[in-house]
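Trainee: Could you take me through one part of this protein up close? I'd like to see how the pieces around it fit together.

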Amino acid sequence: MPWQKSFDVEQAVDQAMEVFWAKGYEATSMADLLEATGINKGSLYNAFGSKKKLFVRALLKYDREQRQAALGELADLEDPLTAIELLFESMVAKSLSDKDCKGCMLVNTALDLPNHDGDVARIVRAGMKDLDVFFRQQIALGQSQGSIPPDRDPASTAQALLALLVGLRVLARGASDEAGLRAIKQQALALLS
């Protein structure tokens, strides 16, 4: 008789995502995942194949629900300066409300990239590239509207904004206070004026 799932797979991915997000891939044990999902080891392996495959699925879900959803909404705004400011403000707000200092799962994984294989590296690089593209597009739009000076190079400015955003999310894990995070946001906006 074939194996049948007796649990909600997407709910299990959500629960695993929370554990991976809080602890990282290496520090998350199978016992952590079994406790968080409430399913047994055999069912977990039958449903996902391995801890690594579950991590990839959780990382993709996080990326889709967090980064892609936010950028999609911001890209629809007609004011690129507002879109960029809202992105940084939302990251400051998320960081300040993150009592467990989990940060951003994508950024956390990027910091540990040397310990991951190509599948995980591709997800992280694609996420970072999408952020870079978002910034480039917003800068170009702002220049065409006259709200961003024409002498700002979209490529290098986008890279600087990406570095500031990643830095903000890293420092928000407990190494900076609200004033420090807001200073990073102000420096980002200063690049566009």
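Mentor: Sure, let's start in the middle. This is a predicted model, and its largest nonpolar core has 55 residues, with F20, M105 and F135 making the most contacts inside it. Helix α7, residues 118-145, gives the most to this core, namely 9 residues. In soluble globular proteins, nonpolar side chains tend to be buried together.

Now zoom in on F20. Leaving out residues up to four places away in sequence, F20 touches Y25, T28, L33, K51, L54, F55, A58 and M105. You'll recognise M105 from the list of residues with the most contacts in the core.

Pick T28 from those partners next. T28 sits in the loop between α1 (9-23) and α2. Is T28 buried or exposed? With a relative accessible area of 1%, T28 falls under the 20% cut-off, so it counts as buried. Setting aside neighbours within four places in sequence, T28 is in contact with V19, F20, K23, L33 and K51.

Follow the chain on into α2, residues 30-37, and look at α3, residues 41-48. The axes of α2 and α3 come within 10 Å and cross at roughly 90°, which makes α2 roughly perpendicular to α3. On the α2 side, M30, L34 and T37 make the contact, and they meet K41, L44 and Y45 of α3.

Let's finish with another helix, α9. It covers residues 178-190, 13 in number, and runs 18 Å from its first C-alpha to its last, close to the 18 Å expected at 1.5 Å a residue. Which residues of α9 are buried? They are L181, I184, K185, A188 and L189. Those residues cover an arc of only 140° around the axis, so they lie on the same side of α9. Here's the helix rule to remember: an α-helix has 3.6 residues a turn, so residues three or four places apart point the same way. On the face turned away from the buried side of α9, you'll find the exposed residues A179 and Q187.

What covers the buried residues of α9? The cover includes α5 and α8 (154-171). Take L81 as a residue to look at in α5, which spans residues 80-97. L81 is partly exposed, with a relative accessible area of 26%. Apart from residues up to four places away in sequence, L81 touches S147, I148 and L192. As for L168, its C-alpha is 18 Å from that of L81, and the two are 87 residues apart along the chain.

Definitions and conventions. Residues numbered from 1 in each chain as written. Predicted model: local features only at pLDDT ≥ 70, side-chain atom pairs only at ≥ 80, totals over all residues. Heavy atoms only, no water. Helix = DSSP H or I, 4+ residues; strand = E, 2+ residues; numbered from the N terminus. Buried < 20%, exposed > 50% of the residue type's maximum accessible area, 1.4 Å probe, protein only. Contact = heavy atoms within 4.5 Å. Core = buried A, V, L, I, M, F, W, Y, C linked by side-chain atoms within 4.5 Å. Expected span 1.5 Å × (residues − 1). Arc of directions from axis to C-beta. Axes fitted to C-alpha atoms, helices over the stretch in contact; angles between N-to-C directions. Parallel < 35°, antiparallel > 145°, perpendicular 65-115°, else oblique.
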